[in-house]
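Visitor: I'm new to this one and would like to be walked through it. Could we put it on the screen and talk it over?

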Amino acid sequence: MTREETPGVRDIAIVAFAQTDVLRTTDELSEVEMLMPVLHSVLDRTGLKTADIGFTCSGSSDYLAGRAFSFTLALDGVGAWPPISESHVEMDGAWALYEAWTKLLTGDADTALVYSYGKSSPGSLRDVLTRQLDPYYVAPLWPDSVALAALQAQALIDAGEADESALATIGTRSRRVATLNSHAQLRGTVPQGDYAVRPLRTGDCPPVGDGAAAVILAAGERARELCSRPAWIRGIDHRIEAHSLGVRDLTDSPSTRLAAERAGVFERPVDTAELHAPFSAQEIVLRKALRLDDSVRVNLSGGALAANPMMAAGLIRMGEAAARIHRGESDRALAHATSGPCLQQNLVAVLEGDAR
Amino acid sequence: MPEVLKAPLVVEFPFTRSLGPVQSAFLTGLRERLVLGVRTADGRTLVPPVEYDPVTAEELHELVEVAATGTVTTWAWNHAPRRGQPLATPFAWVLVRLDGAGTALLHALDAPGPDAVHTGMRVRIRWAENRTGAITDIACFEPHDGEPGRPGGERQESDGERVTGIVAPARLDYTYSPGRAQSAYIEALSTRRTVGERCPSCRKVYVPPRGACPTCGVPTAEQVEVGPRGTVTTFCIVNIKAKNLDIEVPYVYAHIALDGAGLALHGRIGGIPYDQVRMGLRVEPVWTDGARYPDHYRPTGEPDADYDAYKELL
């Protein structure tokens, strides 16, 4: 929804963002050990202490580490004593940000800390992600995440909207621009590689890595106190499509388009977009759904093809877009997060800086 | 810094799921080599069938038979099959729209290589020898040159009961690493020492350490050896014998604040009748050969600790 639809609601902004370097393995760190530097970094940017935060919301998935309730231990990094107002989503942190945004809208809190993390290294991510599929008709076949993305890529190729070299170009560009992103896992020249699942080559697939991210949201005047140029959330919405892949048109993303419409993306041009497209073909689908032309700077961070820490990569898109506004490099940015196979669920936000 | 510990961790569970009327009919049908779809109000036939229309959310129940032949709508060549997947030899993942269906079903296609597969190719179901009422009753698809099949044309009636549930075993393999702080704790235990970490802010010593102070939200790093003796801060008497547990009931399970620790650990109390265990009892660990942690704690014979000495640790 957009603010314009609901007059009188509060202005809410992302006022700080921090992320870890994304690494293939982080054996020496527990989840909370990986997370804590990011929490401290994001708090330091605003001068806030954990005790000052009105609401805390996190995103993660226990399936990644293979341990139940692992998110409760991560709470140690927040300092949850004396008791705090806290919630958790078993999803990417972008959805935790959405929950925090609604909490701030209610007026119950003026500031929120949102964090998310994922350690994919302990397990085999392609197998782990099969557990999010329909348990009756699909999960018993163990179709892995790369295979499902490959079906989508082939559908796009069959529709004449891409070919293998166009896909390769997306991965190459993502890793080239990621040379400017010290947190990215794959930077610079990366061979396109052999087929992972044809038509996708390793270069079309995201690296598997561990990482964490955090943002701070604040409402109204509080945002201006904490940040010289807050990234105001002008609209944010998320939509989901049918679970069954055979029902969907895999060459399109109507849920992204609808979320974008409801978030107000199409009301005025954006200058920057951070898209969560873990596989190269998905960037083509998203650009089409979001009507992004070459005038928009897309994924200057390198995007998910350069670093895709599960459960944090979507929140990082929000943070990267916001950070560009903080630095004065963008005035109106789009941030997108996805979850589920073949872009099943999509969240879109519009962020704006104050006029200069 | 000691080497970070690692160990295999297997998470395995047979998920038992009940079926609604539509899924029950579909999976019962597969057992009889019959593929059923479900008709929507606007006349589409969804295969595999679902209980609610994905567009209108209207409840669906009109089942229709479709053919065991169909057309590939998209595909992906899987040259390295993974555990649990339908075929152990290289195969294509396919979405197949069965003849008579309006939507596509995900499964595997047995084909000699990627050059033998294309979108639009005609395929048919290869049925599994032993069918139980599960999606895997379709062993896979195979290329098909002949005429389109008749809806329900391959049915093999059986007098088995209707399938009302499935058991879907799931296994995931991990390599567990407990991280720096807990690795150090476990390493120390191997020499029968207990180490915690002190919070630089509130000075509390956490045992076992997790690398963070949950009160202050700051990293902990300063290692502190605690114990081996400690004080029972609170306890309970266990009267029910747990499965596979080789301990006679009743026994006492207690919170034990090791000397120097800022919070209590769990442990069993032995070497004293269960009804004589009390708050303030001074105890020490008892190790058995080859154990990775104390088997239990027993009284030291010291006078009981003053309540004031441990009241903050309850």
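Visitor: Let me start with a single residue: is A:Arg268 buried, partly exposed or exposed?

Guide: Keeping in mind that this is a predicted model, A:Arg268 is partly exposed, since its relative accessible area is 45%.

Visitor: And which residue does A:Arg268 form a salt bridge with?

Guide: The partner is A:Glu352, and the closest N and O atoms of the two are 2.4 Å apart. The pair links distant parts of the chain, because A:Glu352 lies in strand β12 (residues 345–352) of chain A while A:Arg268 sits in the loop between α9 (254–263) and β9 (272–274), 84 residues apart.

Visitor: Why does A:Glu352 count as buried?

Guide: A:Glu352 counts as buried because its relative accessibility is 10%, and the cut-off for buried is under 20%.

Visitor: What other side chain does A:Glu352 meet in a salt bridge?

Guide: The side chain of A:Glu352 also meets that of A:Arg332, at 2.7 Å from N to O. Here strand β12 is linked to strand β11 (residues 332–339) of chain A, where A:Arg332 is found, and the two residues are 20 apart along the chain. Both A:Glu352 and A:Arg332 are buried.

Visitor: How many salt bridges does the structure hold over all chains?

Guide: There are 50 salt bridges over all chains. One of them brings together the side chains of A:Arg173 and A:Glu283, at 3.0 Å from N to O. That pair again links distant parts of chain A, with A:Arg173 in helix α7 (residues 164–177) and A:Glu283 in helix α10 (residues 280–289), 110 residues apart. A:Glu283 counts as buried because its relative accessibility is 2%.

Visitor: Changing topic, how many residues are in the largest nonpolar core?

Guide: The largest nonpolar core has 85 residues, and those with the most contacts inside it are B:Val35, B:Leu98, B:Leu109 and B:Phe141. Its largest share, however, comes from helix α6 (residues 145–158) of chain A, which gives 9 residues.

Visitor: What does B:Leu98 touch, leaving out residues up to four places away in sequence?

Guide: With those left out, B:Leu98 touches several residues, among them B:Val35, B:Val47, B:Val66, B:Ile125 and B:Phe141.

Visitor: Which residues does the second, separate core include?

Guide: That second core, which is separate and has 39 residues, includes A:Phe55, A:Tyr98, A:Ala112 and A:Val114.

Notes:
Residues are numbered from 1 along each chain as its sequence is written. Chains are lettered from A and ligands numbered from 1 in the order in which they are written. This is a predicted model: local features need pLDDT of at least 70, side-chain atom pairs count only at pLDDT 80 or more; totals for chains, interfaces and linings use all residues. Side-chain values use heavy atoms; hydrogens and water are left out. A salt bridge is a side-chain nitrogen of Lys or Arg within 4 Å of a carboxyl oxygen of Asp or Glu. Helices (H or I, at least four residues) and strands (E, at least two) are DSSP runs, numbered from the N terminus. Buried means under 20% relative accessible area, exposed over 50%, partly exposed in between (1.4 Å probe, protein chains only). A nonpolar core is a set of buried Ala, Val, Leu, Ile, Met, Phe, Trp, Tyr and Cys residues joined through side-chain atoms within 4.5 Å. Contact means heavy atoms within 4.5 Å.
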